[in-house]
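Visitor: I would like to learn how to read a model of this kind, feature by feature. Could you take me through the one shown here?

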Amino acid sequence: MLESILITIATAATPLLIAAMGELVVERSGVLNLGVEGMMIMGAITGFAVALTTGSVWLGVFAAILVGAAFALIFGFLTLSLVTNQVATGLALTLFGLGLSGMLGEGFVGRPGLRLGRIDIPFLSDLPFVGRLLFGQDPLFYVSLLLTAAVAYFLFATRAGLMLRAVGDNHTSAHAQGINVVAVRYLAVMFGGACAGLAGAYLSLVYTPQWVENMTAGRGWIALALVVFASWRPWRVVAGAYLFGGVTIGQLHAQALGVAIPSQLLSSLPYLATIAVLVIISRNRRLTMMNTPASLGRPFVPER
Amino acid sequence: MRTKTTFLALTAAAALGLAAAGTAEAQDDPTKACWIYVGPIGDFGWSYQHHQGLLQVEEELGDAVETAYLESVPEGADAERAIERFARSGCDIIFTTSFGYMDPTNKVAAKFPDVKFEHATGYKREHPNVATYNSRFHEGRYIQGVIAAKMSEAGVAGYIGSFPIPEVVMGINAFVLGAQSVNPDFKVKVVWANTWFDPGKEADAAKALIDQGVDIMTQHTDSTAPMQVAAERGIKAFGQASDMIEFGPETQLTAIVDDWGPYYVERVKAVREGTWEQIDIWAGLAEGHVVMAPYTNMPDDVKALAEETEEKIRSGEFDPFTGPINKQDGTPWLAEGEVADDGTLLGMNFYVEGVDDQLPN
């Protein structure tokens, strides 16, 4: 049973992790995109629709990534080229995505979708206890962990990652050094959109293979909160996503076991746990300041 | 599909118009009927079924009616704003279709005495222009309980609840009573999702229940996710609000289907003809407001028993809440042969004996 619980937790945490990882890169470049929910739901409908019409789940996944990135490009154009307010534009993107996906998805309601099957490695996935957990999950579970490793490596061990962080910390200095601030941010924003799209596809192709309006149900916002929770460090996002997923699943099991705690309290536990950790982390002011991208949310207009 | 029905409706209306030509039938403004939904119309559950009712009104009343709806309106302060907006925008009748819209509906109704308000599943009618309507879903839940006890090998069913409100508690109780009529030791495990609609969370709740050993799944939340999880894990399940057989061709035993269309047509017509009156209607299988989806994936004897139970309830021969029934703690509630009155049911805040859960306050 424990194995099954852990697998359920991984399923709950994976979409949060993927979406948050994308947003982490965006915020590290100094841009705050509140449109994660909107890009995610666009990914969900695209993935579902493409998979169902073409019969190929992977095609659905790639289409979701592309649409997520394209949707982010709208945000990028507005905030980076036209220098609109990032908060307002991000919120608008979320509302736009929720509405547009509902409209596009009208014909797909009530139709069972395709499922991205889990990996099955002979022998390894049959190992007792850890087999299914480590070697028998859906492919995107592994992608989410590889993505984390890749982002961590990119940000802290490559020159390009250093440039991106420089842009996020002080865009004026970065500009003075000859870094194309706007171009870097465009790329970061599109990467964030691609990740959100992939996370959406995870919902409609792995988590619950169906299309229903608003099926993201606020997961984009949780992903946004996780970035802050993780103080913009990739591996801490993993910890946050799994803590959140773990408490969510744990409280459902506690209820099914008949633990005598009001279910409303149990349901709010994931949020309470997140807040508690956040408070503990932010007690160290200096470390928090060090990790927060100093230019986060500040518009940049290159001088000519 | 939809353009086709609209076209048919239009031609029908034209034919009627021709027939009525020369009579005194006035061509006045269309009646504006408006709906507020708690979920998206694409949830394929609760809100979807209400929207099917709206479509039926459009189809049957044609040009005589103009419709509007707002979906995914959160219960609470937002609901009040949404209802008020509709009232200001010239709606003649507003259907508010979730329990949590009860107070907002009555508040707005006080300000707009000329607009008719119809609140689903509530019990407050504080103004003469507020009616309430509901369906006896618990009749269907009793039948599901009977089937569950027959089909379950573990003797435990999982029940995904939304919020611990009377409507949902009543459903759990009816399910348990039905099950215990077959197997007195039958148990129900309840998990509260604390949401009406979150496919992911509903799926997680279903997985948790299955991991805890239930082999029948039933839900009082609005998405098809639990049905899908049940299908994946190879257990049986009941659909909710819509016929969800597509999501579990070998899983769904039956589903309680809400058929609001006939009621909506009747009420909108009443507004149009000026005969609308405040009512409190609570109709069930007998009136056709609650319909059972085909009984599938079960042996013939279980099917026969389910049909027999359905017929008994429909004919009024039997009521699911007929004594002797004890409360959860063992204290007597209904004596032998005693039937619960509607008031008690609509305010139900206690479990009957046999529910394996603590009711949240």
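Visitor: How many residues does the contact take from chain A and from chain B?

Guide: The size of an interface is often given as the accessible area lost when the parts come together. Here the contact is counted in residues, two residues being in contact if their C-beta atoms, placed from the backbone, lie within 7 Å; by that count it takes 35 residues from chain A and 31 residues from chain B. This is a predicted model, in which local features need pLDDT of at least 70 and side-chain atom pairs count only at pLDDT 80 or more, while totals for chains, interfaces and linings use all residues. Residues are numbered from 1 along each chain as its sequence is written, and chains are lettered from A and ligands numbered from 1 in the order in which they are written.

Visitor: Which elements give two or more residues to the side of chain A that touches chain B?

Guide: They are α1 (2-28), α9 (181-207), α11 (234-257) and α12 (263-281) of chain A, where helices (H or I, at least four residues) and strands (E, at least two) are DSSP runs, numbered from the N terminus. The largest share of that side, 7 residues, comes from α11(A). By class, the side of chain A that touches chain B has 17 nonpolar, 15 polar and 3 charged residues; Ala, Val, Leu, Ile, Met, Phe, Trp, Tyr, Cys and Pro count as nonpolar, Asp, Glu, Lys and Arg as charged, and the others, Gly among them, as polar.

Visitor: What span should α11(A) have, and how far apart are its end C-alpha atoms?

Guide: The expected span of a helix is 1.5 Å times one less than its number of residues. For the 24 residues of α11(A) this gives 34 Å, and the end C-alpha atoms are 35 Å apart, which agrees. Just after α11(A), Gly258(A) takes a positive phi of about 85°.

Visitor: Where else should I look at the backbone angles?

Guide: Most residues other than glycine have a negative phi, and most peptide bonds are trans. Ala217(A), although not a glycine, has a positive phi of about 45°, and this residue lies in the loop between α9 and α10 (219-229) of chain A. In chain B, the peptide bond from Gly323(B) to Pro324(B) is cis, with omega near 5°; Pro324(B) is placed in the loop between α10 (300-314) and β13 (325-326) of chain B.

Visitor: How many helices and strands are there in chain A, and what is its radius of gyration?

Guide: Chain A has 13 helices and 0 strands. Its radius of gyration, taken over C-alpha atoms, is to be set against the globule rule of 2.2 Å times the number of residues to the power 0.38. The value for chain A is 20 Å, close to the 19 Å that the rule gives for 304 residues, so the chain is as compact as a globular protein of that length. For chain B, with 361 residues, a compact globule would have a radius near 21 Å, and the chain has 21 Å, which agrees; its secondary structure comes to 11 helices and 15 strands.

Visitor: In what order do the 6 strands of the open sheet in chain B stand?

Guide: Strands of a sheet pair through backbone hydrogen bonds, either parallel or antiparallel. Two strands are taken to pair if DSSP finds at least two bridges between them. The order is β2-β1-β3-β4-β5-β11 (chain B), and the pairing is parallel. At the edges stand β2 (65-70) and β11 (280-283) of chain B, each with a single partner strand, so one side of each is left without a neighbour in the sheet. Within this sheet, β3 (residues 93-96) and β4 (residues 116-120) of chain B pair over 4 bridges, and Ile93(B) stands opposite Lys116(B) in β4(B).

Visitor: How is chain B divided into domains?

Guide: Domain bounds come from an automatic or database domain assignment. That assignment divides chain B into domain 1 (30-136 + 259-283) and domain 2 (137-257 + 290-356). The C-alpha centres of the two domains of chain B lie 28 Å apart, and 16 residues of domain 1 are in contact with 18 residues of domain 2.
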